[in-house]
Amino acid sequence: MTSLAGTGVLLRFNLRRDRLMIPVWVAVNALMVLSMPSTLEGLYGTETERADLLHQVATNSSFRALIGPVFGDSLGALTAWRVGVYAGALAAVTSLLIVVRHTRDEEESGRQELLSSGVVGRRASLTAALLAAATANAVLALLVTAGLAGRGAAGALALGLGLGAVGMLFATAAAVVAQLTESARLARGLTAAVLGAAFVLRAAGDSVSTDGSSVLTWLSPLGWLSQLRPFAGERWWLLGLFAAAVAAQGALAYVLAGRRDLGMSFLPTRPGPASGRLGTASALAWRLQRGGVLGWSTGFFLAGVVYGGLTDGVADLVGDNEQAREIFERMGGRSGITDAFLASMTGMLGLLAALFVVAAVLRLHGEETSGRAEPVLANAVGRLRWATGHLVIAFGGSVLIMLLAGLGFAVGYGKQAGPILGACLVQVAGVWVIGGLTVLLYGLAPRLAPLAWGVAGAVLLIGWVGPALDAPRAVLDLSPFGHLPKLPGGAMEWGPVLVLLALAAVLVVGGLSGLRRRDLTT
């Protein structure tokens, strides 16, 4: 039996399991990219407006750090500049989630041991996971290339291949980390930390250089993507750099996979006894989730500082561009460009906080399917008490990260600390609705619980792309965030906030009621 026996069957199985997650995340990413040219055409339709934009970016290091340098004034080049880094980061997140789910998650749950008892090669599961990620990235590259071909076939192909290459680079990075760690949660966290470091390196490099020539930029795969320069004199040789990195990481992952036993790792978890107090289910939940809370809290605070520091320059960047002003007003209200920017940015962080609450709630699902919940519940711990420990962290953690985001805004902007904190905390109502829906799915139908990621992705798409495309009000209202007051600057409306909080409470109660009545997943 070869080490790759059964790869085809496992690949079909993986794609079937991800038949909802992969299409949603790929569609969100592709639509974000493909919707940008028409938006930019409305914003910067003349050569003069585009020249002014290039001048603003060249002279504003904060915006280069946030988005990157711009290398051309065509709509294709502006599209690659505006969304390239973020689309690449989203492709990386999608890829690492796919790979870890079908490697370390499978081993942690015990399903891989069952599969390995059949005609399945030693490296088949790793190969199938990487092929599933490759499928997602190939579809993304194809959609972007086909959708932007009218702006320039070479540039569209370069951007599509670049996004797919970033995704595969982090897919193979996740494959390596999955061999090193014993926990799927740690594997996701470490790979996400590598992605965060890549973003920081690129931002630091781009902030000090107008053409991306900084060494820090070249240390980041996201910097390679911008240096590929789609629609602005493509540097095709950079795809070879991506290919070399993917091949090296993939080869390392295969070597490591062949040298360890199933379920083991090269960095095993330190054995007990655990330090500190773990006498309650809530204490155990905190021990399991504290790393995620710390990471999200740090990220949101730093994001608040960055966005706050950009606020004073927004009016200069927008200038007399009415279309840009209208987009900010649709996202953040009509109380002035500065308040509209602050409201739109706090709203964006609220959308991202929905991803945190989904991940934190679904930790319950992971504990149950891996079999770790059963020993806990075999003691004098009821299901509601066990679940409540995780839900307090999920819902309370969302309040914490939004509060820290507000503090970051106050530090970066230096003004309106109270209104900005209020604007961040208002987003919690929308976040809690997404969290409540996740609890409901998990409690009533645990097999459908991963659909919460699709819901979060759809809400992110509506909030991110909808205002730029001037989507109908009925579409925007599908998201709970569409009903929140636009703060700061707008009037505080308690009615929608209280309704959303009540809806979240009903969803949580429904989910916990279902959890009490159903059997545990075996």
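The exercises below work through the fold, two helix pairs and several single residues of one predicted chain.

The model is predicted, so local features need pLDDT of at least 70 and side-chain atom pairs count only at pLDDT 80 or more, while totals for chains, interfaces and linings use all residues. Residues are numbered from 1 along each chain as its sequence is written, and side-chain values use heavy atoms, with hydrogens and water left out.

**Exercise 1. The chain as a whole**

Task: State how many helices and strands the chain has, and what percentage of its residues count as buried.

Solution. Begin with the secondary structure, for which helices (H or I, at least four residues) and strands (E, at least two) are DSSP runs, numbered from the N terminus. On that basis the chain has 23 helices and zero strands. Next comes burial, where buried means under 20% relative accessible area, exposed over 50%, and partly exposed in between (1.4 Å probe, protein chains only); 52% of the 522 residues count as buried. The accessible surface, from the Shrake-Rupley method with a 1.4 Å probe and, for residues, with only the protein chains shown as cover, comes to about 21800 Å², and 65% of that surface belongs to carbon and sulfur atoms. Finally, with contact meaning heavy atoms within 4.5 Å, 76% of the contacts between residues at least 6 apart in sequence join residues at least 24 apart.

**Exercise 2. Two helix pairs**

Task: Describe how α10 packs with α14 and how α1 packs with α9.

Solution. Two packed helices are described by the angle between their axes and the distance between the axes. Axes are lines fitted to C-alpha atoms, for helices over the stretch in contact, and angles run from 0 to 180 degrees between N-to-C directions. Angles under 35 degrees count as roughly parallel, over 145 as roughly antiparallel, 65 to 115 as roughly perpendicular and the rest as oblique.

For the pair formed by α10 (residues 153–180) and α14 (residues 237–257), the angle is about 20° and the axes are 9 Å apart, which means that α10 is roughly parallel to α14. The contact involves, among others, L161, A165, L169 and V176 of α10 together with F242, V246, Q249 and L256 of α14. Sorted by type (Ala, Val, Leu, Ile, Met, Phe, Trp, Tyr, Cys and Pro nonpolar; Asp, Glu, Lys and Arg charged; the others, Gly among them, polar), the residues of this contact comprise 17 nonpolar, five polar and no charged.

For the pair formed by α1 (residues 7–17) and α9 (residues 124–148), the angle is about 50° and the axes are 8 Å apart, and α1 and α9 are therefore oblique to each other. Here T7, L10, L11, N14 and L15 of α1 meet residues of α9 that include A124, A128, L131 and T135. The residues of this contact comprise eight nonpolar, five polar and no charged.

**Exercise 3. Positive phi in a loop**

Task: Locate R229 and F231, and state their phi values.

Solution. R229 is found in the loop between α13 (221–227) and α14, and F231 is found in the loop between α13 and α14 as well. Phi of R229 is near 55°, a positive value in a residue other than glycine, and F231, also not a glycine, has a positive phi of about 65°. As for burial, R229 has a relative accessible area of 18% and is buried, and F231 is buried with 13%.

**Exercise 4. Residues of α17 and the loop after it**

Task: Give the location, the burial and the contacts of V361, E367 and R372, leaving aside neighbours within four places in sequence.

Solution. Take V361 in helix α17, which is buried at 0% relative accessibility. Its contacts are L391, A394, F395, G435, T438 and V439, and its C-alpha lies 7.0 Å from that of G435, 74 residues away in sequence.

Continue with E367, placed in α17 (residues 337–369) and buried with a relative accessible area of 5%. E367 is in contact with L288, R372, A373, W386 and H390.

End with R372, found in the loop between α17 and α18 (373–377) and partly exposed, with a relative accessible area of 31%. R372 touches E108, R363, G366 and E367, and the C-alpha atoms of R372 and S109, 263 residues apart along the chain, are separated by 9.1 Å.
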